[in-house]
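Q: Please take a close look at one part of this structure and walk me through it. I am new to it, so keep the sentences short.
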Amino acid sequence: MSTSTNEASNLIQPNADRLIEATVDDMQQAMAEGKLTSRQLVLFYLDRIARYDSDGPQLNAVIEVNPDAVFLAEASDLERQTQGQRGPLHGIPVLIKDNIDTGDHMHTTAGSVTLANHYAARDSFVAAQLRAAGAIILGKTNLTEWANFMTNGMPNGYSSRGGQTLNPYGPGEFDTGGSSAGSGAAIAANLAAIAVGTETSGSILSPASCNSLVGIKPTVGLVSRTGIIPIAHSQDTAGPMARTVKDAALLLNVLKGEDVRDAATWVGSRQAEDDYTSFLDADGLQGARIGYDKAYWEHMNDGQRAILEAAIEKLQEAGAEVFEVTIPTVEEVSGGYEVLIYEFKSALNAYLATCGPDVPVHSLRDVIDYNHKHHEKALKYGQTLLIESERTSGTLTDAKYLNARLRDLQLSQTEGIDKTMAEHRLDALLSPANFAAGIAAKAGYPSITVPGGYTAEEGTPFGVTFTGTAYSEGALIRLAYAFEQATKHRVAPNL
């Protein structure tokens, strides 16, 4: 063991062993009893980042550490002593995806070398909410570059700035999921207490499933999009990634809220629940009606299918009625990304136009040109999606775009999820991992993924997902929590 590791361990003992897989409640109780400080928490996680992210298996999940983290933790401890605890996240170290603006000493790059020198002028709404809650933003996580909207065939978790993130359950062997790969790998490996990911279609649900985590993809509008490098205004959202349903619910309480700069939240803030932890009911599956469409089963292998079948049995044992349904539009709405192609250029150009003179790109066209000129570093996997998006007008007046947007809403909402849930009086739809992410993404509807187990032969994590109608996060949290408590599937990776 190195001298620096000894020093770090001495600073956080005797709490270090207890902090592996510790929940937010565990940490708050220890701090309230004077057995732990936020400073010790930050040092503990920095030690683990050094051991396992930068060294050891080199997970490469954290793309940047906040140089002020220790000072912020010390200020948090002083505030606790003099004024009391601010809230459930007071002093808790949080990692956020590197497409979320922070107006501090950290870059915001979406994993692209084109933005390697970019410092945001102000906090995103999400970052501001975290700071107001007293959370410590420990650093930023790697991601699939441009949130996996750069090219076809790019590996999950790869970016030109951050390199390749690895899955802690099978470094170099198991898929990390994408695009919030760094957030998923980091929380699975206990490199922070909780993390924020972003999703346009599957980017929270996928890495949560691959890393045996809880991931909540909220209804679009529940969490502000302001200050997040975009893909598509109609589908983008930030959301919690955590080791337990309760920790995810606590984080969602902080992330939600009305933002005067984001019109989607003007409705979302009024539909939000006051406290999502009020839905944590171990008996929450009693009498629940849950449907599943076997159209999504064909994509599973035998090990994954066994996990989902066991999950259905456990749901039934816990009192839920679980049965097969048919989502009438599932085939029509599952594929296609026309809306994203058109919205990406418009959204990204608006974001890049606000970047300062130190950034060499201020439009999608600039990004494409920069990547061509620096192809050895920037274009390991190409930029087919960037080029395809650049060919659009960027004004959202294209008939093809407008028709695709209207079609997505009709097929995903009215004729899809809404119709199916109403017809069968469902509390939720059940699906494997992120396999049904597309229909919920196009509808703008919420989903929550919970650890479902590990495949028998490889030991690969695999999640089960509950999806509902708009602003049904509370109901989904109730079901997910009851399933989690009945199964206790999550096991920390052996690093």
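A: A32 is exposed, with a relative accessibility of 63%. Exposed here stands for a relative accessible area over 50%. This residue sits in helix α3. The model is a predicted one. From A32 to A428 the C-alpha distance is 38 Å, and 396 residues separate the two in sequence.

Now step to the loop before this helix. E21 lies between α2 (16–19) and α3 (24–32). What is the relative accessible area of E21? The value is 25%, so E21 counts as partly exposed. Its partner in a salt bridge is R243. The closest N and O atoms of this pair are 4.0 Å apart. R243 belongs to another loop, between β8 (237–242) and α10 (245–255). The pair therefore ties together parts that are 222 residues apart in sequence. Unlike partly exposed E21, R243 is buried, at 4% relative accessible area. The cut-off for buried is under 20%. A further residue joins in: E21, R243 and R490 are linked in a network of salt bridges. Side chains of opposite charge can pair when their charged atoms come close.

Next comes the helix that follows R243. In α10, 10 of the 11 residues are buried, so this helix is largely enclosed by the rest of the structure. Among the buried ones are V245, D247, A248 and A249. The run from L250 through L251 and L252 to N253 is buried too, as are V254 and L255. Just after α10, G257 has a positive phi of about 145 degrees.

Other salt bridges help to place this one. How many does a search of the whole structure find? The search finds 20. One of them joins D98 and R161, with N and O 3.2 Å apart. D98 lies in the loop between β2 (93–97) and α6 (125–132). R161 lies in the loop between β4 (158–159) and β5 (163–164). These two parts are 63 residues apart in sequence, and so the pair ties them together. D98 is buried, at 0% relative accessible area. R161 is partly exposed, at 23%. Another bridge links R131 to D123, N to O at 2.6 Å. R131 is partly exposed, with 26% relative accessibility.

Last, step back to the whole chain. There are 38 positive and 60 negative side chains. The centres of these two sets lie 2 Å apart. The chain holds 20 helices and 13 strands. Its radius of gyration is 21 Å, close to the 23 Å that the globule rule gives for 495 residues, so the chain is as compact as a globular protein of that length. The C-alpha trace spans about 60 × 60 × 45 Å along its principal axes. Of the 495 residues, 61% count as buried. About 18500 Å² of the chain is exposed, and carbon and sulfur atoms supply 48% of that area. Contacts across the sequence matter for the picture as well. Among contacts with a separation of 6 or more, 75% come from residues 24 or more positions apart.

Conventions: Residues numbered from 1 in each chain as written. Predicted model: local features only at pLDDT ≥ 70, side-chain atom pairs only at ≥ 80, totals over all residues. Heavy atoms only, no water. Helix = DSSP H or I, 4+ residues; strand = E, 2+ residues; numbered from the N terminus. Rg over C-alpha atoms; globule rule 2.2 N^0.38 Å. Buried < 20%, exposed > 50% of the residue type's maximum accessible area, 1.4 Å probe, protein only. Contact = heavy atoms within 4.5 Å. Areas by Shrake-Rupley, 256 points an atom, 1.4 Å probe, with all protein chains shown as cover. Lys, Arg positive; Asp, Glu negative; His and termini not counted. Charge placed at Lys NZ, Arg CZ, Asp CG, Glu CD. Salt bridge = Lys/Arg side-chain N within 4 Å of Asp/Glu carboxyl O.
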